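Trainee: I have a model open and would like to learn how to read its strands and loops. Could you guide me through it?

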Amino acid sequence: MFDLLIRGGRLVDGTGGEVRRVDVGITEDRISAIGDLSMAEAELSLDASGLVVAPGFIDIHSHSDFTLLIDPRAHSQIFQGVTTELVGNCGHGCAPLGTNLESFTGNIYGYQDLLPVDWTTMEGYLARLEEAGPAVNVATLVPNGNLRLAAVEDVTRPAHPDETGRMVRLLGEGLDAGAFGFSTGLEYPAERASSETELVELCRVTARRGGLYATHERNREVLAVEAVEEGLRTSAATGVRLQLSHIIPRRGGPADSLERCIELVEDAHEGGMDVEFDAHTRLHGITNLSAVLPSWAVDGGPGLLRRYLSDPATRGRLKGYESIISSFGLGGWDRVALFSSEGSPGKVGHNIAELTPRGGDAFDTMYDLLLDEGDDPHGALLIVHSYDDDMLAQTFRHPLCTTESDATALCMDGPLAGTTFLGAYTWAASFFRTMVRDRRELNLEEAIHKLTAQAADRIGLGDRGRLAEGKQADIVVFDPDAFSDRGTLEDPNRPAAGVHHVLVNGTPTVLDGRETGVRAGCVLRR
């Protein structure tokens with residue numbers, strides 16, 4: 001007798017192989033049989049007639065590091081069939097931490113002081129995550145921003161050799177604790193000064209342990225091609241497996257940047273390098289408004305920051321800092337808008353050009369918005385219109401491209417009910433709707449492969465991402481004609497439609513479209 005049987009569904013196993021109409025038997029947390037099981041008995045049987053049975057979707061680039069601690073139910077993910085997330089991306093994350101927590105909070109997406117931070121190491125963070133009991137499986141990378149904040153006295157300059165040595169030690173500790181690799185976010189304040197020399201040393205450690213190097217490149221518009229070249233040089237010098245995060249260049253650079261970036265990856269891959277890339281599924285980029293500031297301006301806490309922002313001379317100094325936000329502006333400030341804000345709710349949805357008085361300076365507008373945020377300067381988010389549908393289609397068609405959310409796991413009620421993050425509730429569903437149904441760029445099997453086995457292989461999850469006997473029973477059962485995103489720019493926190501059942505490690509997390517209340521996710525260690 002099986003613990004659970006899924007009967008009569010169209011099985012898409014994640015490998016890209018043909019659809020089969022078979023039953024799936026599950027015993028404890030693993031798939032124990034696939035085939036004609038019509039005569040078998042089970043404690044629980046699910047009728048999947050007319051539905052697709054696929055491996056649970058894997059989010060290869062998530063920022064749920066902290067939100068899963070605040071509320072581990074992960075509604076935004078489970079109602080899209082997501083069963084596994086990789087966090088610690090873009091050099092941002094929850095570990096390691098130093099003694100001055102204030103210096104690190106801007107590097108933790110979703111941070112709220114309502115949850116005590118009682119760890120400093122990767123081992124401590126993973127133990128805390130296990131205590132929380134997430135609804136999804138969680139793997140992590142070691143974030144470079146945390147390494148620099150913990151080891152480099154002045155993050156506005158490259159690391160000294162002894163500081164690089166400390167970073168290497170902390171990275172090794174994180175990998176030994178179970179992290180699956182190392183990430184950078186070279187556009188962000190803590191990492192903009194990272195030298196290629198220090199990155200090579202860190203990637204060498206990652207390569208020796210078989211980890212993945214995921215990089216949000218140093219420049220994503222004017223010098224996007226050169227930034228991809230840097231990532232490829234680092235991989236060539238160390239042998240590290242390379243994942244180029246959200247490869248599509250933003251507006252503001254050469255018109256052929258995307259084609260040139262992809263060609264570079266193709267050439268490297270054909271030459272034997274283990275390199276692939278990913279992209280998120282929305283037309284917009286999003287980040288903290290506080291990223292407009294250098295680290296020295298925020299390290300002293302909100303009180304000192306208010307003094308800086310209120311001083312005209314210091315504002316003049318701040319305007320000389322090149323940031324990811326100033327890069328956003330290269331495509332025009334009318335494309336950059338306030339996405340969320342506690343201090344200026346009436347200005348949400350308005351672009352920076354609209355909010356700036358005639359003859360005024362866009363940076364003064366953003367500094368004023370930060371002043372209005374009070375004691376939480378990292379709470380406000382900016383959104384930039386960066387891409388178009390053709391750019392996404394061109395990228396997702398490529399066999400080396402996987403799919404990512406670049407978002408945080410959220411919940412429809414509870415402590416995260418008022419939190420928004422673009423793409424959280426929509427990324428997988430919008431990818432499927434757009435690429436499979438609307439544009440027909442990918443067939444069913446190809447799209448599911450990108451969401452499952454391809455992502456599992458990049459992370460290094462050998463027992464997930466495929467439906468086969470002996471594999472972990474992470475499974476989604478959904479209607480391919482109804483699987484769609486419902487969230488919009490104006491109302492992003494709406495769960496996806498079309499998912500009927502979700503199993504995480506053999507346990508139903510969603511049954512008949514409803515949350516069961518059981519959280520069966522695991523903290524995964526390399």
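Mentor: Happy to! We will look at a sheet, then one of its strands, then a loop residue. Keep in mind that this model is predicted.

Trainee: How do strands form a sheet, and in which order do they lie here?

Mentor: Strands of a sheet pair through backbone hydrogen bonds, either parallel or antiparallel. Here, six strands form an open sheet in the order β9-β10-β11-β12-β13-β17, and their pairing is parallel. At the edges lie β9 (142-143) and β17, each pairing on one side only.

Trainee: What does β17 pair with, and over how many bridges?

Mentor: β17 pairs with strand β13 (residues 275-280) in the parallel sense, over four bridges. You can follow this residue by residue: A279 stands opposite T403 in β17, and H280 stands opposite E404.

Trainee: Are the two faces of β17 covered or open?

Mentor: In a regular strand the side chains alternate between the two faces of the sheet. In β17 (residues 401-404), C401 and T403 are on one side, with T402 and E404 on the other. Those four residues are all buried, so both faces are covered.

Trainee: Now the loop, please! Where is R209 found, and why does R209 count as partly exposed?

Mentor: R209 is in the loop between α6 (196-208) and β11 (212-216). Partly exposed means between 20% and 50% relative accessible area, so R209, at 29%, counts as partly exposed.

Trainee: Which residues does R209 touch, leaving out those up to four places away in sequence?

Mentor: R209 touches G172, L175, D176 and R526. Take D176: although 33 residues separate D176 and R209 along the chain, their C-alpha atoms are 8.8 Å apart.

Conventions. Residues numbered from 1 in each chain as written. Predicted model: local features only at pLDDT ≥ 70, side-chain atom pairs only at ≥ 80, totals over all residues. Heavy atoms only, no water. Buried < 20%, exposed > 50% of the residue type's maximum accessible area, 1.4 Å probe, protein only. Pairing = 2+ DSSP bridges. Contact = heavy atoms within 4.5 Å.
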